[in-house]
Amino acid sequence: NSGKIDLKPNIRSYNSVIDAYARSGTEKSAQKAESILNRIDELYKKSQDLDIKPNAVSYNTLINAYAKSSHPDAARNAESILNRMEDEYVKGNLDLKLSTICYNTVIDAW
């Protein structure tokens, strides 16, 4: 054994990064969080690795990042993420089922 530990990020670790941006609440934090979600979504689509598949927590955490952001278009962006989530659910991604938490978080953004 070489003593190396193989570490691979999973959706929980990515969600933690998105949440950290949400908690920072700066103007650009939500945009950075969205770029993380877009990147993992792209990685998942290429690899089909279920360990990194974005889920409802990923999207709701991003919506929360916009809700806490000081960005002038934060509420519209939060609603856009909700719509994206709904579209993916309708296309068959059952991991993205909308909940009252999602809707309440978007309402909080307004």
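This report covers two helix pairs and two buried residues in a predicted model.

## Basis of the model

Residues are numbered from 1 along each chain as its sequence is written, and side-chain values use heavy atoms, without hydrogens or water. In this predicted model, local features need pLDDT of at least 70 and side-chain atom pairs count only at pLDDT 80 or more, while totals for chains, interfaces and linings use all residues.

Helices are DSSP runs of H or I with at least four residues, numbered from the N terminus.

## Helices α1 and α3

Helix α1 spans residues 11-24. Its axis and that of α3 come within 8 Å and cross at roughly 10°. Axes here are lines fitted to C-alpha atoms over the stretch in contact, with angles from 0 to 180 degrees between N-to-C directions. The two helices are therefore roughly parallel (an angle under 35 degrees).

From α1, the contact (heavy atoms within 4.5 Å) uses I11, N15, I18, D19 and A22. From α3 come V57, S58, T61, L62, N64, A65 and K68. By class, six of these residues are nonpolar, four polar and two charged. Ala, Val, Leu, Ile, Met, Phe, Trp, Tyr, Cys and Pro count as nonpolar, Asp, Glu, Lys and Arg as charged, and the others, Gly among them, as polar.

## T61 in helix α3

T61 sits in α3. T61 is buried (under 20% relative accessible area, 1.4 Å probe, protein chains only). Its value is 12%. Setting aside residues up to four places away in sequence, T61 touches N15, I18, D19 and A22. Those four residues also appear on the α1 side of the helix contact.

## S69 in the loop

S69 lies in the loop between α3 (56-68) and α4. S69 is buried too, with a relative accessible area of 11%. A polar atom of its side chain lies 2.9 Å from the backbone nitrogen of H71.

Beyond neighbours within four places in sequence, S69 contacts G25, T26, E27, A30 and A74.

## Helices α4 and α5

Helix α4 covers residues 74-90, and α5 covers residues 100-109. Their axes come within 8 Å and cross at roughly 160°. The pair is therefore roughly antiparallel (over 145 degrees). The crossing is left-handed (the near helix is turned anticlockwise from the far one by less than a right angle).

On α4, the contact is made by A75, A78, E79, L82 and M85. On α5, the partners are C102, Y103, V106 and A109. Eight of the residues are nonpolar, none is polar and one is charged.

Notes: Angles under 35 degrees count as roughly parallel, over 145 as roughly antiparallel, 65 to 115 as roughly perpendicular and the rest as oblique. Buried means under 20% relative accessible area, exposed over 50%, partly exposed in between (1.4 Å probe, protein chains only). A polar contact is a pair of N or O atoms within 3.5 Å; within protein, one must be able to donate a hydrogen and the other to accept it, and residues adjacent in sequence count only if both atoms are side-chain atoms.
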